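Here is a short note for a colleague who is opening this model for the first time. Please read the points in order, with the structure in view.

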Amino acid sequence: MAADCTKVAAGVWTARSARDGLDKSITLPPDEIFRNLENAKSFAIDIGGSLTKLAYYSTVQHKVAKVRSFDHYGRGHDDEPLYEISVQEEITARLHFVKFENAYIETCLDFIKAHLVNTETKVIKATGGGAHKFKNLIEKKLGLKVDKEDEMTCLIKGCNFVLRNIPHEAFVYVKHAEPEFRFQTTHPDIFPYLLVNIGSGVSIVRVESEDQFERIGGSSIGGGTFWGLGALLTQTKRFDELLQLASRGQHTNVDMLVRDIYGGAYESFGLTGDLIASSFGKSATTDKEFTKEDMAKSLLHMISNDIGQLACLYAKLHNLSRVYFGGFFIRGHPVTMHTITYSINYFTKGEVQALFLRHEGYLGAIGAFLKGAEEDSKHLFQYPNQYSWGENYAGSSGLMSSSPEVHPMQRTRSGTFDMLEMDRLDRQLVNLPLLHDASSYVPDTVDLTEDAMAREYWLSCFEDALDGVVKRAVVSQPQSLDAPERAEKFRQKYRHKLQTLRHQPFAYGSLTVRSLLDTREHCLNEFNFPDPYSKVKQRENDVALKHFQKVVENLDSLSMEERQFALVKGLLAGNVFDWGAKAVSDVLETNSAFGFEEAMKRLQARPWLVDAYNDWIERLKGPPHKCALFFVDNSGIDIILGVFPFVRELLSKGTEVILASNSGPALNDVTCCELTIVTERIAAMDSVIRTALEKDKLLLVQSGSSSPCLDLSRLDKGLATVVWERKTDLVIIEGMGRAIHTNYYAALRCESLKLAVIKNAWLAERLGGNIFSVVFKYEMAPK
């Protein structure tokens, strides 16, 4: 059989059938590509000129830690635990997207068919130019009827979905900058926008709403033009090879510039000397051979400038400032993103930015899947916008990255695959209504993609902490024989992620301490370690509860002024008990006697690193706040001996209080379920808390987060509703993760109190302090 050769990942060559162009020699590593196929329920596929994107929906069974209260009044001994912890199986929804070269489609379809077990679907939604070409193959291999969907409709639906659900989806590209990828904050209202889809030709679409869009223009000069003319000029048939040629070329050898005509700039028209006056202009007047690289670069500039100018004219005509570019011409290639960006900047004088999408290649497949879900009345996914979705970093490849989980030896036979996974959240996430300007809100204090020194420190810090996390994971499941094996797999996966982020810090959007923590939590959940600190939290809650009444009695004996300072010190001392901080966890591991009083002694003496305590006390002399929203942090001493006495004081003054805690576990942070049980126990001991609960003056609400940090643009809709209805006029954010790593610069419409103890020596030094320095930041409501 005749064969040609095709280069795939890691520089390996595989035989390809010359008869059908399909490569059947690859092997697909199990559990890394096309994951959880045995529970796949429905499919969609988008087949372009060179790439196939498959989407499928599956149900994922994983372990979750549940807490259940004992009957407090039936407890016979004080040493009995406050609640019991059980690990249960829970089923959640997940979306999978896999991208691969068309050459591998037959092998991939065979693999899918061999692993399908529970699917009930009879139809596969299909879109893209290749859907017709491969229709018979798909139907034969999978036994599913191919139902073709309109390509542009799918594209728009997919674009709306990723913009709504992935915070760092859009970015601008700045060549030679550090970083080159600069991620944008998605506006709460994603509409209207302009989508410029550059495929074979160009389609320009104005998108007004979820279902309202219009093709307002386009051009026949697009990616197909670059490919076709490029093939004629260079004899290069592969699109990616053309781009590689262009990246090495110098267009000024072929193009006629303004200075070539006028000897310099044409100042009366404001034209600089290096501006292209005529694409390929020198080829008509210069008697020499031009290199393939230079011709490819000139052609790329010619087409990009034409598309850029066209996009600018339509953006101005329709008064649109958000312009997204997609299509196979883009595909994340730096050389095409740079030329498009240059063109847009030139023609709009910097007023409009060219925006690109991290998951641009999946838009058609996502849209086709959504169409199928909407039409299937039995589909669990029928109303996708009823929920929020989150990217699962553990199962996603990341921007400009082949799968980091495929080991080098396996990559040589698997080709280049790209994956995206999104998990359905139990709730709809919305902005905190008290944000001063939701469109400009940035949760994270430091962007590690921009700060190389901080990036290296935190990547090393998380890598150094791996042994401790693995140990804690194993200890949390003493009855599980395979816990050590699973913990080792977690170690390998998370280390791979850290290695990827070292080389590609932009892989999952802006790299931050929050994203590193969230990635670790995703990887722990991947290997069924849902709450490694559950026993620690249980023990610390029990111990702290025994001291609550004594702490309150001591506070009540103080004068007003002394009590306020003691309450704040107690809040800060409680915040020391953070198992996520190595300086603290080392002490807690080796000194079981370390307690509330010892933590008080560790605190920095006033004046604090950030010290607005006097302003806070002055404010307390005025009328009480109507309602305070308190984002709490750690279990044990923090919540019981630090937060509750402070909350009790607010309640005593007539202020209603909303306690917002994590919906799911992260480190030793208190979850809403745990907080409910702790609050019931405190209410049994304290009349102020009990009365507040009975009169609905103290509310416990889940935040919608399962992170040690806090994104105020992705909160449980129920919490946002309560905050608005109660006319909240004070927001308190506690802890390093929520008030330092995130939200330190968050501007709110109301008064805010951000407080934390700095438990990391490197961070403390960077902020100008020492370990256990105090941040007490009180901000007035803007006038």
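1. Start with the overall make-up. The secondary structure of this predicted model comes to 25 helices and 27 strands. The radius of gyration is 29 Å, and the globule rule gives 28 Å for 783 residues. The two values are close, so the protein is as compact as a globular protein of that length.

2. Next, the outline. The C-alpha trace spans about 95 × 70 × 45 Å along its principal axes. How much of the chain is buried? Buried residues make up 58% of the 783 residues.

3. The contacts deserve a look too. Take the contacts between residues at least 6 apart in sequence. Of these, 73% join residues at least 24 apart.

4. Now the surface and the charges. The accessible surface comes to about 33200 Å². Carbon and sulfur atoms account for 50% of that area. The protein has 90 positive and 101 negative charges. Their mean positions lie 2 Å apart.

5. Turn to strand β5, residues 83–101. Which strand pairs with β5 over 19 bridges? It is β4, residues 51–69, and the pairing is antiparallel. For a landmark in this pair, find H62: its bridge partner in β5 is E90.

6. Strand β5 also pairs with β18, residues 418–424. These two strands run antiparallel as well, joined by six bridges. Here K99 stands opposite D418 of β18. So when tracing β5, check both partners: β4 and β18.

7. Two cis peptide bonds should be checked by eye. One joins E178 and P179, with omega about 10°. P179 lies in the loop between β8 (170–173) and β9 (181–183). Another joins F191 and P192, with omega about -10°. P192 sits in the loop between β9 and β10 (193–198).

8. The loop between β8 and β9 also holds H176. Its phi is near 70°, a positive value in a residue other than glycine. Is H176 buried or exposed? Its relative accessibility is 69%, so H176 counts as exposed.

9. K349 is another case of positive phi in a residue other than glycine, with a value near 55°. Look for K349 in the loop between α8 (334–348) and β16 (353–357). K349 counts as exposed because its relative accessibility is 73%.

10. Last, S439. Find this residue in the loop between β19 (429–430) and α11 (452–464). At 27% relative accessibility, S439 counts as partly exposed, because that class runs between the buried limit of 20% and the exposed limit of 50%.

11. What does S439 touch, once its neighbours within four places in sequence are left aside? Its contacts are T185, H187 and P188. F134 serves as a distant reference point: S439 and F134 are 305 residues apart in sequence. In space, the two are 43 Å apart, C-alpha to C-alpha.

Technical notes. Residues numbered from 1 in each chain as written. Predicted model: local features only at pLDDT ≥ 70, side-chain atom pairs only at ≥ 80, totals over all residues. Heavy atoms only, no water. Pairing = 2+ DSSP bridges. Helix = DSSP H or I, 4+ residues; strand = E, 2+ residues; numbered from the N terminus. Buried < 20%, exposed > 50% of the residue type's maximum accessible area, 1.4 Å probe, protein only. Rg over C-alpha atoms; globule rule 2.2 N^0.38 Å. Contact = heavy atoms within 4.5 Å. Areas by Shrake-Rupley, 256 points an atom, 1.4 Å probe, with all protein chains shown as cover. Lys, Arg positive; Asp, Glu negative; His and termini not counted. Charge placed at Lys NZ, Arg CZ, Asp CG, Glu CD.
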